[in-house]
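The following exercises are meant to be worked through with the coordinates open, each task being followed by a stepwise solution.

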Amino acid sequence: MLKLKAKKAGLSLSEYCRSAAFGNDITERLTSEQLEHYAMLVKYKNNFTRIGNMFKKRNPKLEKEVRQLANEIRRHLYNFKK
């Protein structure tokens, strides 16, 4: 189990044990699939922000909804970083 956790964190077993013994936070590395999804969410957030800017003057209600969606995506992106 320790070997698996060390591998997921991108550390050797001894580095993992040392970090755990000193109480350091050990985070799992993202897989290539997770990185692809992260990049996709970044693009979506940016696109929805741009769309919101386009609708700002013409349709304030739609602009608000699009901005809310962009903010929701941003919250999911922050969860990736944890």
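**Exercise 1.** In this predicted model, classify N47 as buried, partly exposed or exposed from its relative accessible area.

*Solution.* Begin by placing the residue, since N47 is found in helix 3. Next, take its relative accessible area, which is 38%. Buried means under 20% and exposed means over 50%, with partly exposed in between, so N47 is partly exposed. As a further step, relate N47 to V66: the two are 19 residues apart in sequence, and their C-alpha atoms are 9.8 Å apart in space.

**Exercise 2.** Determine whether K45 is buried or exposed, and describe which residues it touches.

*Solution.* K45 also belongs to helix 3, which spans residues 32-55. Its relative accessible area is 16%, and because the cut-off for buried is under 20%, K45 counts as buried. Leaving aside residues up to four places away in sequence, K45 touches A70, I73, R74 and L77. The side chain of K45 is in addition joined to that of N46 by a polar contact of 3.2 Å. Within helix 3, the buried residues include L41, K45 and T49. An α-helix has 3.6 residues a turn, so residues three or four places apart point the same way.

**Exercise 3.** Describe how helix 1 and helix 2 pack, giving the angle and the distance between their axes.

*Solution.* Helix 1 covers residues 2-9 and helix 2 residues 13-21, and they pack at an angle of about 90° with their axes 9 Å apart. That angle makes helix 1 roughly perpendicular to helix 2. At the contact, L2, K3, K5 and A6 of helix 1 meet L13, Y16 and C17 of helix 2. Sorted by class, this contact holds five nonpolar, no polar and two charged residues.

Notes
Residues are numbered from 1 along each chain as its sequence is written. This is a predicted model: local features need pLDDT of at least 70, side-chain atom pairs count only at pLDDT 80 or more; totals for chains, interfaces and linings use all residues. Side-chain values use heavy atoms; hydrogens and water are left out. Axes are lines fitted to C-alpha atoms, for helices over the stretch in contact, and angles run from 0 to 180 degrees between N-to-C directions. Helices (H or I, at least four residues) and strands (E, at least two) are DSSP runs, numbered from the N terminus. Angles under 35 degrees count as roughly parallel, over 145 as roughly antiparallel, 65 to 115 as roughly perpendicular and the rest as oblique. Contact means heavy atoms within 4.5 Å. Ala, Val, Leu, Ile, Met, Phe, Trp, Tyr, Cys and Pro count as nonpolar, Asp, Glu, Lys and Arg as charged, and the others, Gly among them, as polar. Buried means under 20% relative accessible area, exposed over 50%, partly exposed in between (1.4 Å probe, protein chains only). A polar contact is a pair of N or O atoms within 3.5 Å; within protein, one must be able to donate a hydrogen and the other to accept it, and residues adjacent in sequence count only if both atoms are side-chain atoms.
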